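These are my notebook entries on one protein model. I set down what I looked up, in the order in which I looked it up.

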Amino acid sequence: MNILERDPSDPRRKPLNPGLKFLLELGPGLVFFFTTIRGEWLAGKFPILAHLGEPILIATAFFMVATALSLSASWALTRALPLMPLVSAIVVFVFGALALYLQDKTFAFMKPTIINSLFGVALLGGLAFGRSLLGYVFDSAFQLDAEGWRKLTFRWGLFFLFLAVLNEIVWRNFSEATWLYFKVWGTIPITLLFTFSQMPLIMRHSLEEKAKEENNESNSRKSV
């Protein structure tokens with residue numbers, strides 16, 4: 001049985017509502033943020049959590065649980081695991097476990113760098129082999145032609161590498177609190193702005209838009 005999500009062109013692929021998909025992918029990050037903010041309070045209310053270490057390590061444990069629940073929800077809804085969140089989860093589990101075992105929060109700081117680097121390299125590497133892997137992420141939201149997927153995949157590959165570099169700059173040069181707020185309230189707006197900036201490309205290569213244009217041209221010829 002194939003446990004990974006099917007190719008976007010596979011008719012057997014079960015789509016997931018874009019809003020729900022976004023929530024499942026964003027949820028663990030929000031859990032990490034709010035647990036870090038309230039880590040000391042949680043440790044006071046539930047002393048067993050204090051054994052995990054300081055707030056950011058408590059948040060790392062909660063993040064791992066939330067990530068597992070997110071993947072479980074995806075599996076329950078589609079009977080498949082989304083490829084990129086699965087890769088992200090593997091990094092979360094490996095580096096989260098190391099952070100907790102070694103009591104070293106450096107692993108938590110570096111996790112976004114590693115995940116974004118992996119995504120960037122995977123997308124650009126996929127293009128080198130003639131595959132636009134971004135279709136696995138956005139296929140339920142956009143229907144593009146092959147050229148559109150190639151261009152969008154290339155741009156997202158570079159953007160992920162940019163986020164990796166940006167995370168390194170922030171955590172190595174600013175306070176832990178600054179990094180935490182940047183991770184949620186900085187990265188998300190930057191990603192949304194980048195996404196909206198790609199709308200002209202998406203509209204130019206949208207199969208739906210092309211179908212409308214062809215239909216309009218056909219109707220115009222009939223009216224003449």
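**Entry 1: overall fold.** I began with the order of elements, which reads α-α-α-α-α-α-α-α-α-α along the sequence. The tally is 10 helices and 0 strands. I note at the outset that the model is predicted.

I then looked up burial and found that 41% of the 224 residues count as buried. The exposed surface of the protein comes to about 12600 Å², and carbon and sulfur atoms supply 67% of it. For contacts between residues at least 6 apart in sequence, I recorded that 72% join residues at least 24 apart.

**Entry 2: the UniProt record.** I consulted the unreviewed UniProt entry, which lists residues 55-77, 83-102, 114-134, 154-171 and 178-197 under "transmembrane region". I checked two of these spans against the model. Residues 83-102 are 100% helix and 0% strand, with end C-alpha atoms 29 Å apart. Residues 114-134 are 71% helix and 0% strand, and here the end C-alpha atoms lie 18 Å apart.

**Entry 3: the nonpolar core.** Which residues of the largest nonpolar core touch the most other members? I found F32, I56, L152, W156, F160 and W179, in a core of 35 residues. Two or more residues are given to this core by each of α1 (18-37), α3, α4, α5, α7, α8 and α9 (199-205). Helix α7 supplies the largest share, 9 residues.

I followed I56 further. Leaving aside residues up to four places away in sequence, I56 touches F32, T36, K105, A108, F109, E176 and W179. Of these, F32 and W179 also appear in the list of core residues with the most contacts to other members. K105 and E176 led me to the charged pairs, since the side chains of K105 and E176 meet in a salt bridge.

**Entry 4: salt bridges.** I counted 4 salt bridges in the model. Three residues, E54, K105 and E176, are linked in a network of such bridges. I took the pairs of this network in turn.

K105 pairs with E54, and the closest N and O atoms are 3.1 Å apart. K105 lies in the loop between α4 (83-102) and α5 (106-128) and E54 in the loop between α2 (39-45) and α3 (55-78), so the pair ties together parts that are 51 residues apart in sequence.

K105 also pairs with E176, at 2.7 Å from N to O. E176 belongs to helix α8 (residues 176-197) and K105 to the loop between α4 and α5, so this pair ties together parts that are 71 residues apart in sequence.

Are the members of this network buried or exposed? I found K105 partly exposed, with a relative accessible area of 25%. E54 is partly exposed as well, at 36%, and E176 is partly exposed at 28%.

I also looked up K151 and E147, whose side chains form a salt bridge at 3.0 Å, N to O. Where do K151 and E147 lie? Both are in helix α7 (residues 146-173), 4 residues apart, and are therefore separated by about one helical turn. K151 is partly exposed with a relative accessible area of 34%, and E147 is partly exposed with 37%.

**Entry 5: a nonpolar patch on the surface.** I next looked up nonpolar side chains at the surface. I90, V94, L98, Y101 and L102 make a nonpolar surface patch of about 510 Å². L98 has its place in helix α4 and is partly exposed, at 33% relative accessible area. I set this beside the UniProt record, in which residues 83-102 are one of the listed transmembrane regions.

**Entry 6: a backbone angle.** Which residue other than glycine has a positive phi near 55 degrees? I found Q103. Most residues other than glycine have a negative phi. Q103 sits in the loop between α4 and α5, the loop that also holds K105. Q103 is partly exposed, with a relative accessible area of 43%.

**Entry 7: recapitulation.** I close with the loop between α4 and α5, to which several entries led. Q103 in this loop has a positive phi. K105 in this loop forms salt bridges with E54 and with E176, and I56 of the largest nonpolar core touches both K105 and E176.

Technical notes
Residues numbered from 1 in each chain as written. Predicted model: local features only at pLDDT ≥ 70, side-chain atom pairs only at ≥ 80, totals over all residues. Heavy atoms only, no water. Buried < 20%, exposed > 50% of the residue type's maximum accessible area, 1.4 Å probe, protein only. Patch = residues over 30% accessible without salt bridge, like charges linked within 9 Å, V, L, I, M, F, W, Y side chains within 5 Å. Areas by Shrake-Rupley, 256 points an atom, 1.4 Å probe, with all protein chains shown as cover. Contact = heavy atoms within 4.5 Å. UniProt positions renumbered as here; feature names shortened; annotations may be inferred. Core = buried A, V, L, I, M, F, W, Y, C linked by side-chain atoms within 4.5 Å.
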